[in-house]
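I opened this notebook to look up enclosed and open spaces. Cavities come first, then a pocket.

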Amino acid sequence: MTKWIKKHQTEAFFLIALLILASFLRFWRLPEYMTFLGDEGRDALIVKKILVDHDFPLIGPPTSVGNMYLGPLYYYMMAVPMAIFWMNPAAAAGLNALIGVGTVFLIYYLGRRWFGSIAAAAAATLYAISPVTIIYSRSSWNPNPAPFFALLALLGFDRARQKRDFRWLVLSGAALAFAVQMHYLALILLPVFTLYWLNELVEKLRGMEGDYFWRGSILAIAAFLLLMSPLVIFDFRHRFINYRAMSAFFSSTQTSSDLGISSAQRVWALYQNDLVSRYMAGGNKMLTPVLAILILLPLSLIIGSKIKRDKKWPYKALGAWMVVGMVGLSAYRQAIYDHYLGFVNPAPYLLLAATLSCLKKYWQLGAALVLLLIVGFVNLQKSPLFTAPNNQLHRTQQVSQFIIRESENQPFNFALLSQNNYDAAYQFYLWLYGHKPLQVHETVTDQLFVVCEDPVCHPVGNPKDEIAAFGMTKIDKTFEIFGVKVYKLIHNPTGTPG
């Protein structure tokens, strides 16, 4: 490494500066900007079970598809920083930010190996400043690390080819298990990497040298299955709930209904409007089609056989990743959100690097600078750091501490009224501060604290389970703190307003 830095001082300086920029965009005021709502609170409570109760889950977060769960690897990842910075959810968000910086590095590393330092620098810089990638790097949420693990799996394959040592495929197998457990749509990566493997098999049958092909392949499958085994064990214990949910999902009319447009049109719409526009072009309608075409130019070179045979693999690998990814997503007939594209979002950046690499070196530098100026300007204008921080973590902490003070260290029940949130974040901090609310179905106390995050709330007589089970109530006190209302309800057996 030291020798490389001495030999490539300018490049090393740029790479360090790029990683510092990526780190700044992801770590700056992280606790103030990070999302901390019900899902994040739920995850923190599960990490608490791991670290405090030594209760190790076999499943991960639930998906948006009913009765389908991801694997637990994300919880175990969260447990590491939350053990070091004891029970601090910002530490888990910090891990995601660090993984986001690692994703920038992997794009640079692979881009440089395949397409040269100038093209790699442009691609990695554009990824580093993309508003969507910044947003998803600044919170603790299971889909966020998917791009990193997809790239790590690709790196394993690339190293296996480069070294002609297929034991590197173990890295690909393990990384794929992580990617799939970040979001279920990353299952689309499995046919992509199967195509990579079949390509290697064909080359082996043609006489291409390489060590440990079969051993590496078997070990890669074993690594994948080992990391997926907690989910398999859970399914065995619970009558194959995940398998049945997945089968029902893929056979349902939701995934096969006709939206009134052809499959090709849907693939293009997803590619241009969801992937390129949202991730790369900052939603700019003039820039989006230009980038969409530039990204696809290297694929036309493969079809036209303009690239030497020994240089084709990166183009074929990225083309398969992009095409299979988009076609696979087009079969998903529900709404597509930005994080659904996490498993494929690095591909267009590397393909853009491939486009730049087709130019002469002096033209390449000029084109890279023009891209950085135009695309960078559009993206930086929409940087999430220009918006005010949400302070969700701080608000949850302050409201929880306030409730504890108002409870006067006496037992209490708790409820949250919110159209877009549930109470796990508050439950986590009330537990952390040593005043876990009692469950109203087990113990009804003398006081019920209701946090209201909606503009208008009517806690008395509210049908929400935690309130209704408390019995007839009246408002004892009302407070407003950090933009939310806190009601202290007490029993009112007569039902008389008071």
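For the lining counts I take Ala, Val, Leu, Ile, Met, Phe, Trp, Tyr, Cys and Pro as nonpolar, Asp, Glu, Lys and Arg as charged, and the others, Gly among them, as polar. I note that the model is predicted.

Entry one: cavities. I looked up how many reach 30 Å³ or more, and the structure holds four. I then took the largest cavity. I read its volume as about 140 Å³. I found 14 residues in its lining. Y127, Y136, S137, N144 and P147 lie nearest the centre of this cavity.

Which helices each supply at least two residues of this lining? I found helix 6, spanning 89–115, and helix 8, spanning 131–137.

I sorted the lining of the largest cavity by residue class. I got nine polar residues, five nonpolar and no charged.

Entry two: the second largest pocket. I read a volume of about 510 Å³ for this pocket. I found that 22 residues line the second largest pocket. Closest to its centre are L45, K49, Q427, K436 and Q439.

I looked up the elements that give two or more residues to this pocket lining. They are helix 4 (38–51), helix 21 (424–432) and helix 22 (465–468). Which element gives the most? I found helix 4, with five residues.

I sorted this lining as well. The second largest pocket has eleven nonpolar, eight charged and three polar residues in its lining.

Closing note to self: I have no charged residues down for the lining of the largest cavity, and eight charged ones for the lining of the second largest pocket.

Notes
Residues numbered from 1 in each chain as written. Predicted model: local features only at pLDDT ≥ 70, side-chain atom pairs only at ≥ 80, totals over all residues. Heavy atoms only, no water. 1 Å grid on protein atoms, 1.4 Å probe; cavity = no way out; pocket = protein on both sides within 12 Å on 5 of 7 lines; lining within 4 Å. Points joined across faces, edges and corners; volume = space filled by probe spheres on them. Helix = DSSP H or I, 4+ residues; strand = E, 2+ residues; numbered from the N terminus.
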